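Take a moment to look at the chain as a whole before turning to its parts. The paragraphs that follow lead from a patch on the surface, through pairs of charged side chains, to a residue in a loop.

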Amino acid sequence: MIIIDNALKVRQDTNNPIRVGIIGAGFMARGLVNQIERYIAGMRVVAICNRSTDNARLCYHKAGIEKVSVCDSPQQLDEHIDREAYTVCNDVEIISQARHVDIVVEATGTIAFGAEAVLKVLRQRKPVIMLNAELDATLGPVLKQYADRYDTLLCQSDGDQPGVIMNLYRFVKNMGFTPLVCGNIKGFLDVRKNPTDMIEFATNVGQTTRMITNFTDGTKLSFEQASVANATNMGVAQRGMSAYRSTKHIDELTSIYDVDQLRALGGITDFVVGAKPGPGVYVFATAEDEFTQNYLKYLKLGPGPLYSFYAPYHLCFFEVPNSIVRVFQFNDPVVTPLGAPVVEVITVAKRNLKSGEVLDSFGGYLTYGQCENADICHQEKLLPIGLTEEGVRLKRDISQDEVLTFDDVEFDKDRLVFKLYREQLALNKAEVQDKKSYEYNL
C-alpha cells in the first residue's frame, strides 16, 4: 500500500482530491466519512445519499462537519461540489449522474436496494466499491457483467475479510506459491442465534441486532467466503465448509487438510472456529520446488507441504480509502468475481417452519446461510438466502436445518433481484450440458 500514500499526497498537493460519493448512512458509512474527512489527504466525501437525509447529515456531523447542504438534482450537486460544499440527497440518480462525483461507495447493507443503486451508478460509467459481501455473494457475478458492459469497475473493499484474504492470496501467489486454502478465522458460531438473543451485544457496539445476528449465526461468514470463492475460482470441500474447531494457532493447523484432496479440488475456501489469532484470515499454500521449500524451513515456516500465511486483523472502514485509490487511480479491483458463480449461500431453516410463513431474510429468526458449490445449488434448485429479503412465502412445512429450494417458496418473479438472478444463471449455461436445470420456472 506504500504507493497509495504517495498518490494521495500528489492529489493533495495539486488540489485534485478524489471526489467520493457514498450511498447509505449506517455504521460503516459513518466510520468511513470520519476516516476520510479527518485523516485522508487527497480525498473528499462530496456527497452522501440516503433515504433519510437526517441520517446522512449525521455522518458528516460525526466527522465534525456541521455545515451540510441538501440538493435535489445532479446539476445542483455539481454546483455544490464546485464550491466545496458537503451535500446530502435522497435519490441515487442524483449521486450517480453528477459529473463531479468520481467514484461511489455502496454501503447500504441490502440486496434489493443495493443492487438497484449499484446498477444506476454503473450505467453512468462510475466505478463502485461495495461494503456489502451479502450483495456480492448473491448477485456479484451478474453485476460484474454490467460493470464490464459499461467499461467501469465493481468490487468489494479492503478492510473486510474478503478484501484481506484476497490481498493475502495475491501476495502469496506473487511469490510463486500455490494457494490451496483461503480461510476465515471465526471466534464464535451458533446457527440458532436470533435478533432477540443479540439485543444487548448489538446495543453495546452500536450495530443493528439483525446485522449482529448475521455475524453470529455464520451467514455473514458464508457470504464472505462465497465472495472469495467467486474471486478465486475455489469451491468448498463440502456444504457449510469444513468448520474445524480448534484453539490452536493457525500456523499449527496446516495438517488438518489433505493436500492431495486440496489439489484435486483446485483449492478451497474454508473457515475455522476458535483458532488464534482471532479475528483473522489465512492462506495455506504449497511451494513446488525443493530449493524454495528449504528456504521456507530456514525462515521458520515449517516443513510443508502446506505453509501458513495469515493476517491477524481486518480494519473495516479504516482500509476503504486504500480501495478507493486502488480502483479509481490504478484500476485495481480488490475483490471481484471472475465469471459465473463458483459458490452460493443457500437458505437453511433455523427452526421448524410452517407453510405460509414469510421468510425474514438473513440475520433474522427463521433462516441462516451456508456455502454450497454453485453447480450443486443449480442442480438441486437451492434457494440463495440473499433473495429472501422481501415477500418470499413458504409453500410447505420445513424442518429445522432443512435446506430450502425454489420449489418450496412463492415470490414475485418480476422483482429486480430475481430478474438479475435469472441473468446470473445464464452465465453458467455454456458450461452445463443440461440447460433445463437452470430454468427453475423463475
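Tyrosine 295 has its place in helix α13, which covers residues 290–298, and, as with everything described here, its position comes from a predicted model. Because its relative accessibility is 47%, and partly exposed residues lie between 20% and 50%, tyrosine 295 counts as partly exposed. Tyr295 is also one of the residues that make a nonpolar surface patch of about 530 Å², together with Phe291, Tyr298 and Leu299.

From this nonpolar patch we can turn to charged side chains. Side chains of opposite charge can pair when their charged atoms come close. In this model the count of such salt bridges comes to 21, and three of these pairs can be followed here in turn.

In one of them, the side chains of aspartate 78 and arginine 99 meet with a distance of 3.9 Å from N to O. Aspartate 78 lies in helix α4 (residues 74–82), while arginine 99 lies in the loop between α5 (92–97) and β5 (103–106), so the salt bridge ties together parts that are 21 residues apart in sequence. The two partners sit in opposite surroundings: aspartate 78 is buried, with a relative accessible area of 6%, whereas arginine 99 is exposed, with a relative accessible area of 60%.

Another salt bridge joins aspartate 332 and arginine 170, whose closest N and O atoms are 3.0 Å apart. This pair links distant parts of the chain, since aspartate 332 is in the loop between α14 (320–330) and β13 (343–349) and arginine 170 is in helix α8 (residues 161–174), 162 residues away. Arginine 170 is partly exposed, its relative accessible area being 36%. Both residues also belong to a network of salt bridges that links Asp158, Arg170, Arg326 and Asp332.

In a further salt bridge, glutamate 288 meets arginine 263 at 4.0 Å, again from N to O. Here, too, distant parts of the chain are linked, with glutamate 288 in the loop between β11 (280–286) and α13 and arginine 263 in helix α12 (residues 259–265), 25 residues apart. Arginine 263 counts as partly exposed, at 42% relative accessibility.

Finally, where is phenylalanine 406 found? It is in the loop between β15 (393–394) and β16 (409–410), and because its relative accessibility is 4%, which is under 20%, phenylalanine 406 counts as buried. Phenylalanine 406 and glycine 26 are 380 residues apart along the chain, and their C-alpha atoms are separated by 32 Å.

How values were computed
Residues are numbered from 1 along each chain as its sequence is written. This is a predicted model: local features need pLDDT of at least 70, side-chain atom pairs count only at pLDDT 80 or more; totals for chains, interfaces and linings use all residues. Side-chain values use heavy atoms; hydrogens and water are left out. Patches are made of residues with over 30% relative accessible area and no salt bridge: like charges are joined within 9 Å, nonpolar side chains (Val, Leu, Ile, Met, Phe, Trp, Tyr) within 5 Å. Accessible areas come from the Shrake-Rupley method with a 1.4 Å probe; for residues, only the protein chains shown count as cover. Helices (H or I, at least four residues) and strands (E, at least two) are DSSP runs, numbered from the N terminus. Buried means under 20% relative accessible area, exposed over 50%, partly exposed in between (1.4 Å probe, protein chains only).
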